[in-house]
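Hi,

Here is the structure I said I'd pass along. Have a look at it first, and then read my notes underneath.

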Amino acid sequence: MNKKRGNFSGGLGFVFAAAGSAVGLGNLWRFPYLAAQYGGGIFIFVYLILAITFGFSLLTAEIAIGRKTQLSPVLAYKKLNKKFSFLGYIATLVPIIIIPYYCVIGGWVTKYITVYAQGLAYPAAQDNFFSDFIGNPISPLIFFLIFMIICVLVIMLGVNKGIERISKFLMPVLLLLTIGIAIYTATLPGALEGISYYLVPDFSKFSIFTFAAALGQLFFSMSIAMGIMVTYGSYTKKEVNLTKSVNQIEIFDTIVALLAGFMVVPAVYVFSGEEGLSSSGPGLMFITLPKVFEQMPGGGIIALLFFILVFLAAITSAISVMEAIVSSLMDKFKLSRTVSCLIVIGICLLMGIPSSLGNGLWANIKILGMDFLTFFDYLSNSVLMPIVALFTCILVGWVIKPKAITDEITRNGEKFGRKKLFNVMIKYIAPVCLIFILVSYTLAQFGVIKL
Ligand code: PHE
């Protein structure tokens, strides 16, 4: 992202770049296991409502802040109001916490590429295959390092553009493949029950946890509340129609997530029934999909192709986030690209190694009752991102006022259809909900209240 400001080639160039960053492990890995864990249909229902209200408002606000200020997040919030410079720092901290464990999961994907490249479809489908792998002290660490080094090399060599160009062509293939796998799963005995679990909301399963999980997932998946979209906004030309772009990014990101869930969740029902759902966690995709592939004619090859494409989606997201961190370091501390990359490597090792070992060797070490990976995920998605979102709402809704943002959006006379919704969300609904979530969820987490 060391591009000159405003050099995205028009609206579509911007949408592709932002969607490349947005679509990643969040959609393919995180969304399905949360949907399975938090009640299926009800999670989807809450997620969709949040996407068209919270997601839309915050995505619009962040991109507009970027384009208005033409600055990266550390400086952008400060320019809008001096008292809010702290927001730039917290926003930048979020991707720094996420990227190390993102590389750990990226490593798991890399491992599965090698598994299928060796034709090991049958062993991969066995019950203990995944847990044996992540429990091993060395192997997941090596794959984590491989994934991380590939990302850093891409950034150091400056070949991001090339990778993004390849992924532009391959992402539609990933979509088609996901649809194909989902259709195949739907034909397996018992799938119907799983599909109805996934699609039909059961309102008795709703709790504040469903809401909090869906909200954190929305932020993660759309790369909001972490400065990334501010950065993207700052590269966008003034004549680009922002509302149209926001809609396209939102729709695309949500469709990919829904399809990924459709591919994974009903399959859990087929192979492990109800218990499989309640015990689902970050390993879900790696445990369930191999079982689907094993049954499928030609499954070994399809699995290989699938994991390669997931790898690409993961890498484009990881690169965009790492690049944002590297350029913030370069901007802020006047460091060279190489030194900044080395610092990013250092951070990844420092937090990625415990995240990886937490599934095996260090499984006994807990922070607030969580292993390292779960803790970093909790800290970023359930604490810091809601905080960033909350202060963004206060800044936009009450300090600079929504008009500053809506003027930026309609500067070329564009129509802003959901302007009223935007105003009400940013000023009232979003901040109130965010405060409520933050307080109640934190108290519940520490056992002060029972929800
Ligand atoms: N939103 C992206 C995803 O869904 C990317 C992301 C990458 C988010 C790194 C946070 C950190 O995968």
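**Helix α14 and what surrounds it**

Starting with a length check on this predicted model: helix α14 covers residues 284–295, and at 1.5 Å a residue its twelve residues should span 16 Å. The C-alpha atoms at its ends are 17 Å apart, which agrees.

How much of α14 is covered? Mostly it is, with nine of the twelve residues buried. Leu-284, Met-285 and Phe-286 are on that list, then Thr-288, Leu-289, Pro-290, Lys-291, Val-292 and Phe-293. Note that a lysine, Lys-291, is among the buried ones.

Phe-286 is worth clicking on. Leaving aside residues up to four places away in sequence, Phe-286 touches Trp-29, Ile-105, Trp-108, Val-109, Tyr-112, Phe-130 and Phe-307. Phe-286 also turns up in the largest nonpolar core, which has 169 residues. The members touching the most other members there are Trp-108, Phe-286, Phe-306, Phe-307 and Met-322. Helix α5 (residues 85–117) gives this core its largest share, 19 residues. As background, nonpolar side chains tend to be buried together in soluble globular proteins.

**Two positive phi values in one loop**

Next, some backbone angles. Most residues other than glycine have a negative phi. Ser-223 goes the other way, with phi near 55°, and Ala-225 has a positive phi too, near 60°. Ser-223 is in the loop between α11 (208–221) and α12 (228–234), and Ala-225 lies in the loop between α11 and α12 as well.

Are these two buried or exposed? The cut-off for buried is under 20% relative accessible area. Ser-223 has 5% relative accessibility, so it counts as buried. Ala-225 comes out at 2%, so it is buried as well.

**How α16 meets α17**

Last, a helix pair. Two packed helices are described by the angle and the distance between their axes. For helix α16 (residues 337–357) and helix α17 (residues 372–399), the axes come within 7 Å and cross at roughly 125°. That angle makes α16 oblique to α17.

Which residues meet there? From α16 they are Met-351, Pro-354 and Ser-355, and from α17 they are Phe-372, Leu-373 and Phe-376. By type, the contact of α16 with α17 has five nonpolar residues, one polar and no charged.

That's what I have so far. Shout if anything is unclear.

Cheers

Notes
Residues are numbered from 1 along each chain as its sequence is written. This is a predicted model: local features need pLDDT of at least 70, side-chain atom pairs count only at pLDDT 80 or more; totals for chains, interfaces and linings use all residues. Side-chain values use heavy atoms; hydrogens and water are left out. Helices (H or I, at least four residues) and strands (E, at least two) are DSSP runs, numbered from the N terminus. The expected span of a helix is 1.5 Å times one less than its number of residues. Buried means under 20% relative accessible area, exposed over 50%, partly exposed in between (1.4 Å probe, protein chains only). A nonpolar core is a set of buried Ala, Val, Leu, Ile, Met, Phe, Trp, Tyr and Cys residues joined through side-chain atoms within 4.5 Å. Contact means heavy atoms within 4.5 Å. Axes are lines fitted to C-alpha atoms, for helices over the stretch in contact, and angles run from 0 to 180 degrees between N-to-C directions. Angles under 35 degrees count as roughly parallel, over 145 as roughly antiparallel, 65 to 115 as roughly perpendicular and the rest as oblique. Ala, Val, Leu, Ile, Met, Phe, Trp, Tyr, Cys and Pro count as nonpolar, Asp, Glu, Lys and Arg as charged, and the others, Gly among them, as polar.
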